[in-house]
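Visitor: Please show me the structure, and then let me ask about how its parts fit together.

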Amino acid sequence: MSSTCDLQSKHCVPCEGGVPTLTADRVKTLLSQLKDWEVNAEKTKITRRFTFKGFYKTMAFVNAIAWIANQENHHPDMEVGYNYCVVHFTTHAINGLSENDFICAAKIDGLG
């Protein structure tokens, strides 16, 4: 799990496009450092579903994600309901995955 801590200590690098997406091997390596995240078949997006006991805890989690996203200037897509939040990361500027996606996912994993 020390690798997750390594990702948590990193910061996102601005991405305006023009850089390659991560290779399938790199995605596999980084994904193994996260807890319960899944990658789609195209290797363009990582996703994790979180569940909570009630709306307030769900919204507190969403607000914590918003804080992380703004600190890192890398923002997820989210689906939010009464007792769940599904978080999706992709780097829109390159239409695929970058290390930024894994850094933010690791920071969310660190929320407990």
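The questions below deal with helix packing, burial and aromatic rings.

Visitor: What kind of model is this, and which pLDDT do side-chain atom pairs need?

Guide: Residues are numbered from 1 along each chain as its sequence is written, and side-chain values use heavy atoms, with hydrogens and water left out. This is a predicted model in which totals for chains, interfaces and linings use all residues, local features need pLDDT of at least 70, and side-chain atom pairs count only at pLDDT 80 or more.

Visitor: At what angle do helix H3 and helix H4 pack?

Guide: Helices (H or I, at least four residues) and strands (E, at least two) are DSSP runs, numbered from the N terminus. Axes are lines fitted to C-alpha atoms, for helices over the stretch in contact, and angles run from 0 to 180 degrees between N-to-C directions. H3 covers residues 55–72 and H4 residues 99–109; their axes are 10 Å apart, and the angle is about 145°.

Visitor: Which residues of H4 make the contact with H3?

Guide: Contact means heavy atoms within 4.5 Å. On the H3 side it involves Phe61, Ile65, Ile68 and Glu72. On the H4 side the residues are Cys104, Lys107 and Ile108.

Visitor: How many residues of H4 are buried?

Guide: Buried means under 20% relative accessible area, exposed over 50%, and partly exposed in between (1.4 Å probe, protein chains only). Buried residues of H4 include Phe102, Cys104 and Lys107. H4 is largely enclosed by the rest of the structure, because the buried residues number ten of the eleven.

Visitor: What type of aromatic pair do tryptophan 37 and phenylalanine 50 form?

Guide: Rings of Phe, Tyr and Trp (its six-membered ring) pair if their centres lie within 6.5 Å; planes under 30 degrees apart count as stacked, over 60 as edge-to-face and the rest as tilted. For tryptophan 37 and phenylalanine 50, the centres are 6.2 Å apart and the planes are at 75°, which makes the pair edge-to-face.

Visitor: How far apart in sequence are the parts that tryptophan 37 and phenylalanine 89 tie together?

Guide: This aromatic pair is tilted, at 6.1 Å centre to centre and 45° between the planes. Tryptophan 37 lies in the loop between H2 and E1 and phenylalanine 89 in strand E4 (residues 84–89), so the parts tied together are separated by 52 residues.

Visitor: What is the relative accessible area of phenylalanine 89?

Guide: Its partner tryptophan 37 is buried, at 6%. Phenylalanine 89 is also buried, and its relative accessible area is 2%.
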